[in-house]
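Please open the structure in a viewer and keep the selection tool at hand. The tour below proceeds stop by stop, naming what to select and then describing what is found there.

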Amino acid sequence: MKLVLLGPPGAGKGTQAAFIVEKYGIPHISTGDILRAAVKAGTELGKLAESYMSKGELVPDEVVIGVAIERLAQPDCAKGFLLDGFPRTVAQAEALDKELAKLNRPLSAVLSLEVEEAEVVRRLSGRRVCSGCGAIYTAADKALCETCSGQLITRADDQPEAIRRRMQVYREQTEPLVNYYAMKGILKRIPAVGDVKEVFTRIEAALG
Ligand code: AMP
């Protein structure tokens with residue numbers, strides 16, 4: 001199964017990705033996670049990425065395409081993969097198509113998580129992540145992670161100004177991909193509202 005998970009920030013991509021990789025036994029490839037790890041490690045890539053990420057801007061295509069393609073070349077992706085947060089621009093989608101065509105391994109499906117903008121802004125404003133293990137919390141009433149007791153923090157790009165910018169970037173640069181994949185006949189639209197398990201049931205049904 002070779003999948004792409006598409007949707008605005010706060011649509012629940014991270015949460016659904018965890019369910020999908022568990023059920024289908026494929027690796028979860030989040031370019032956001034890879035870039036955050038690079039920022040934390042203080043690598044050259046991390047230093048470059050941080051200046052874009054903290055403002056809610058996209059990291060340049062040539063950088064992210066390199067990161068994604070390098071990850072897809074690793075042996076665990078031979079059985080399939082779930083791309084989460086990549087591609088985010090038409091140029092990235094074209095680069096991905098080209099790479100997968102070279103390997104003769106086209107995408108099986110693209111899942112588009114669909115949710116109203118007012119709802120995602122509400123969700124992101126309350127979102128906390130564990131600084132230890134990366135677990136996501138939607139309620140603001142906890143200080144420590146239930147799993148690893150790490151501090152729960154607000155991501156720099158979940159500050160109100162960055163949220164607004166990320167939504168604008170999504171509309172302008174990423175939303176055109178919905179149409180791009182619809183034209184290819186592999187788009188599955190998934191209403192991403194209600195209980196997270198209900199959303200996952202819709203995904204399972206869409207994937208047959
Ligand atoms: P995410 O965790 O997917 O929301 O990504 C967090 C941030 O990482 C984004 O707001 C971008 O700054 C950067 N990023 C992640 N994936 C990409 C991508 N495919 N293209 C450009 N920037 C990305």
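## First stop: a salt bridge

Select Arg-71, which is buried, with a relative accessible area of 17%. The model is a predicted one. Now add Asp-76 to the selection: the side chains of Arg-71 and Asp-76 meet in a salt bridge, with N to O at 2.7 Å. Asp-76 is partly exposed, its relative accessible area being 29%. In the whole structure, a search finds 18 salt bridges, and further examples follow at the next stops.

## Second stop: helix H6

Select residues 117-126, which form helix H6. Within this helix, display Arg-123 and Glu-119, which lie four residues apart, about one turn of the helix. Their side chains meet in a salt bridge at 2.9 Å, N to O. Glu-119 is partly exposed, at a relative accessible area of 24%.

Remain in helix H6 and select Ala-118, which is also found there. Is Ala-118 buried or exposed? At 62% relative accessibility, Ala-118 counts as exposed. Next, draw a distance from the C-alpha of Ala-118 to the C-alpha of Leu-100: the two residues are 18 apart in sequence and 35 Å apart in space.

## Third stop: a network of charges

Select Asp-158 and Arg-127. The two form a salt bridge whose closest N and O atoms are 2.9 Å apart. Asp-158 lies in the loop between E7 and helix H7 (160-174), and Arg-127 in the loop between H6 and strand E5 (128-130), so the pair ties together parts that are 31 residues apart in sequence. Asp-158 and Arg-127 are both buried.

Extend the selection to Arg-155, Asp-157 and Arg-166. Together with Arg-127 and Asp-158, these residues are joined into one network by salt bridges that share partners. Keep Arg-155 displayed for the next stop.

## Fourth stop: the ligand

Centre the view on the ligand, which is surrounded by 16 residues. The closest are Thr-31, Arg-36, Glu-57, Gly-85 and Gln-92. Which helix supplies the largest share of this shell? Helix H2 (residues 31-41) does, with four residues. By character, the shell divides into six nonpolar, four polar and six charged residues.

Three contacts of the ligand deserve individual inspection:

- Select Arg-36: a polar atom of its side chain lies 2.9 Å from an oxygen atom of the ligand.
- Select Gly-85: here a backbone N or O atom lies 2.9 Å from a nitrogen atom of the ligand.
- Return to Arg-155: an N or O atom in its side chain is 3.4 Å from an oxygen atom of the ligand.

On its own, the ligand has 480 Å² of accessible area, and the protein covers 96% of it.

## Fifth stop: a buried lysine

Select Lys-13, located in helix H1 (residues 13-24). Lys-13 is buried yet has no salt bridge. Which side chain of opposite charge is nearest to Lys-13? It is that of Asp-84, 5.1 Å away. A salt bridge requires a side-chain nitrogen of Lys or Arg within 4 Å of a carboxyl oxygen of Asp or Glu, so a pair at 5.1 Å does not qualify.

Now display the backbone of Gly-7 and Pro-8. The backbone oxygen of Gly-7 lies 3.0 Å from a polar atom of the Lys-13 side chain. The side chain of Lys-13 also reaches the backbone oxygen of Pro-8, at 3.3 Å.

## Final stop: backbone exceptions

Most residues other than glycine have a negative phi, and most peptide bonds are trans. The following selections depart from that pattern.

Select Phe-86 and Pro-87. The peptide bond from Phe-86 to Pro-87 is cis, with omega near -5 degrees. Pro-87 lies in the loop between strand E3 (81-84) and helix H5 (90-102).

Select Asn-104, in the loop between H5 and strand E4 (109-114). Asn-104 is not a glycine, although its phi is positive, at about 60 degrees. Asn-104 is exposed, with a relative accessible area of 67%.

Finally, select Ser-149, in the loop between strand E6 (136-137) and strand E7 (152-153). What is the phi of Ser-149? The angle is near 65 degrees, a positive value in a residue other than glycine. Ser-149 is exposed as well, with a relative accessible area of 51%.

Technical notes. Residues numbered from 1 in each chain as written. Predicted model: local features only at pLDDT ≥ 70, side-chain atom pairs only at ≥ 80, totals over all residues. Heavy atoms only, no water. Near = heavy atom within 4 Å. Polar contact = N/O pair within 3.5 Å; in protein donor to acceptor, adjacent residues only side chain to side chain. Areas by Shrake-Rupley, 256 points an atom, 1.4 Å probe, with all protein chains shown as cover. Helix = DSSP H or I, 4+ residues; strand = E, 2+ residues; numbered from the N terminus. Nonpolar A, V, L, I, M, F, W, Y, C, P; charged D, E, K, R; others polar. Buried < 20%, exposed > 50% of the residue type's maximum accessible area, 1.4 Å probe, protein only. Lys, Arg positive; Asp, Glu negative; His and termini not counted.
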